[in-house]
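Reader: I am new to this structure and would like to be taken through it step by step. Could we begin with the terms you intend to use?

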Amino acid sequence: MSPADHSPTADPTSHPGPTTVPGDWSAPTPDRPVDATVVLPGSKSLTNRYLVLAALAGDRSRLRAPLRSRDTLLMADALRALGVRIEDVAPDGDVAGAVPDWLVTPPAQLRGDVTIDCGLAGTVMRFLPAVAALAQGTVRLDGDPQARVRPMGPVVDSLRALGVDLEDSGGYLPVTVRGRGAVRGGAVTLDASASSQFISALLLAGARYDEGVTVHHDGRPVPSQPHILMTVETLRDAGALVDDSEPDTWRVEPSEINALDVSIEPDLSNAGPFVAAALVTGGTVHVPGWPQYTTQAGDLMREILDTMGADVRLDRHGLTVTGSGELFGIDIDLRDAAELTPTVAALAALASTPTSIRGVAHIRGHETDRLAALTAELGALGSAVTETEDGLRIAPATLHGGRFRTYHDHRMATAGAILGLRVPGVAVEDVETTSKTLPDFPGLWARMLSDGATTAGSSGATPAGPAAAVESAR
Ligand SMILES: O=C(O)C1=C[C@@H](OP(=O)(O)O)[C@@H](O)[C@H](O)C1
Ligand SMILES: C=C(OP(=O)(O)O)C(=O)O
């Protein structure tokens, strides 16, 4: 099945529904520009890569300021089930409110005869079959009902070609891996146009395969390429030898994986809605610890906000975004940073000139069919939005309040929050879905918008240290 065949689990064509439903979250509409410092928790993508590498390493690793959200806690629980010890330890220094570090001790041999809950986490459902293949025994992987429509075919077929004994459900979860404690490895060709995570999965575990792994992509362009570079760089951090010099081909030599001691950068894609608030309200948002160099796709927010009308400054203290009150549309290929689409689409719906978002056909296979979901929900609030073959076109329109459905998609919920900054009466369904990658989004959002609020841990903390914190500059 192609990603285009997927549709959201709730039917976006069934609008208009009720205006609000008990339990919906009223997105706040501030009466003045935001002026805040927002400390974001660690990157989901980095945390889950380092957890996997630490589980496959030869010795104990330390992950500093890891993200603790549904996706990373599921990854940690899955690795624990495979025999990895993951313990909380206090971070160095006396930083109030800082999240504990994770000490990760790999077992001599990963064990099987376990069932793993992948939730709705692409990183867990795609990365772990490649790890489970190294376990001794059977590992059954399943997830949320919506996870069962996210594509897995190329990763399971590739593992089979590399010598792994497994069963899938027609290219989807549930998947059963019969681990034999070792994997032959070798060369494989796959079509990764539906997700870069297929490639990352094989590379992350590939150093531990007897022959290493050579992965060649054949198909339409691979999306989210910075995430593959992130995989390559985290492998190199752990001493693995990776050759990515040929386009669409990656080679990981068989080797030990070294223990790691790493600090996790703040999650820049999760920072997106917060820095977007500066543009929407004509205010200022500062994000400490925004890295000067990063493989995170979310770093593209800097260019996006600049094009859409903000003043964007990055220095050694972090990122500062200031809006002027003007918000322009954008013409952008988001293939490399597809996870930003809901954030950019929400901004576009508030803009004074048209927007075209291209290159993101594959996000029909993300947490939900994001193109259908955004078309339905933005449209229901009055936006002039059209779904195209590989993206969205959004023309200026006057929006009104109403119910914004979220389809179990954290980034749909944060898109609703962005709209609410300008449009009174936006009621966001199931805002708790944001806990997939960000603990306490509603609290953090409210504190960003409130006067003089300071959460514990924001003063004197290392940028990525606290769970999440906001300091209002007012
Ligand atoms: O490897 C990763 O950490 C991710 C890769 C990307 O997936 P796709 O390639 O499926 O877009 C991205 O959208 C997702 O949020 C995280
Ligand atoms: C696509 C996303 O997540 P996942 O890692 O589950 O693919 C996302 O966070 O936007």
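Author: Certainly. Ala, Val, Leu, Ile, Met, Phe, Trp, Tyr, Cys and Pro count as nonpolar, Asp, Glu, Lys and Arg as charged, and the others, Gly among them, as polar. Please also keep in mind that this is a predicted model.

Reader: Thank you. How do the residues of the shell around ligand 2 divide by those classes?

Author: The shell around ligand 2 has one nonpolar, four polar and two charged residues.

Reader: And which residues are around ligand 2?

Author: They are A121, G122, T123, E339, H366, R411 and T437.

Reader: Where does ligand 2 lie with respect to domain 1 and domain 2?

Author: Ligand 2 lies between them, because both domains give residues to its shell. The domain assignment of the protein chain gives 3-41 + 265-472 as domain 1 and 44-263 as domain 2. The centres of the two domains, taken over C-alpha atoms, are separated by 28 Å.

Reader: Now to ligand 1. Which residues surround it?

Author: Ligand 1 is surrounded by S45, G122, T123, S195, S196, Q197, S200, P223, S224, H227, A338 and E339. The elements that give two or more residues to this shell are α3 (122-132) and α5 (197-206).

Reader: What is the shell around ligand 1 like by class?

Author: It has nine polar residues, two nonpolar and one charged.

Reader: Let us change topic. How many residues of helix α11 are buried?

Author: In helix α11 (residues 410-420), 11 of the 11 residues are buried, so the helix is largely enclosed by the rest of the structure. Among them are H410, R411, M412 and G420.

Reader: What covers the buried residues of α11?

Author: The cover includes the helices α7 (268-281), α9 (341-349), α10 (370-380) and α12 (441-449), together with the strands β22 (402-404) and β23 (426-428).

Reader: I should like to hear about a sheet next. What is the order of the open sheet of four strands?

Author: The order is β4-β5-β3-β14, and the pairing is mixed. Strands β4 (85-89) and β14 (261-263) stand at the edges with a single partner strand each, so one side of each is left without a neighbour in the sheet. On average, neighbouring strands of this sheet are turned by 20° against each other, direction ignored.

Reader: In which sense do β4 and β5 pair, parallel or antiparallel?

Author: Strand β4 pairs with β5 (residues 101-105) in the antiparallel sense, over five bridges. Within this pair, E87 stands opposite L103 in β5.

Reader: Which strands does helix α1 lie across?

Author: Helix α1 (residues 44-55) lies across β3 (61-64), β5 and β14, and runs at about 170° to β3.

Reader: One more topic: where is the place of L67?

Author: L67 is in the loop between β3 and α2 (70-81). A residue counts as buried if 20 or more other C-beta atoms lie within 10 Å of its own. L67 has 29 other C-beta atoms within 10 Å, so it is buried.

Reader: What is L67 in contact with?

Author: Leaving aside neighbours within four places in sequence, L67 is in contact with P41, G42, S43, K44, T47, T72, I264 and D267. L67 and L438 are 371 residues apart in sequence, and 8.0 Å apart in space from C-alpha to C-alpha.

Reader: And L159, is that residue buried or exposed?

Author: L159, which lies in helix α4 (residues 153-161), is buried, with 25 other C-beta atoms within 10 Å. Beyond its neighbours within four places in sequence, its contacts are P129, A130, A133, V164 and L166.

Note on methods. Residues are numbered from 1 along each chain as its sequence is written. Chains are lettered from A and ligands numbered from 1 in the order in which they are written. This is a predicted model: local features need pLDDT of at least 70, side-chain atom pairs count only at pLDDT 80 or more; totals for chains, interfaces and linings use all residues. A residue is near a molecule or strand if its C-beta atom, placed from the backbone, lies within 6 Å of it. A residue is buried if 20 or more other C-beta atoms lie within 10 Å of its own, exposed if 12 or fewer, and partly exposed in between; C-beta atoms are placed from the backbone. Two residues are in contact if their C-beta atoms, placed from the backbone, lie within 7 Å. Two strands pair if DSSP finds at least two bridges between them. Axes are lines fitted to C-alpha atoms, for helices over the stretch in contact, and angles run from 0 to 180 degrees between N-to-C directions. Domain bounds come from an automatic or database domain assignment.
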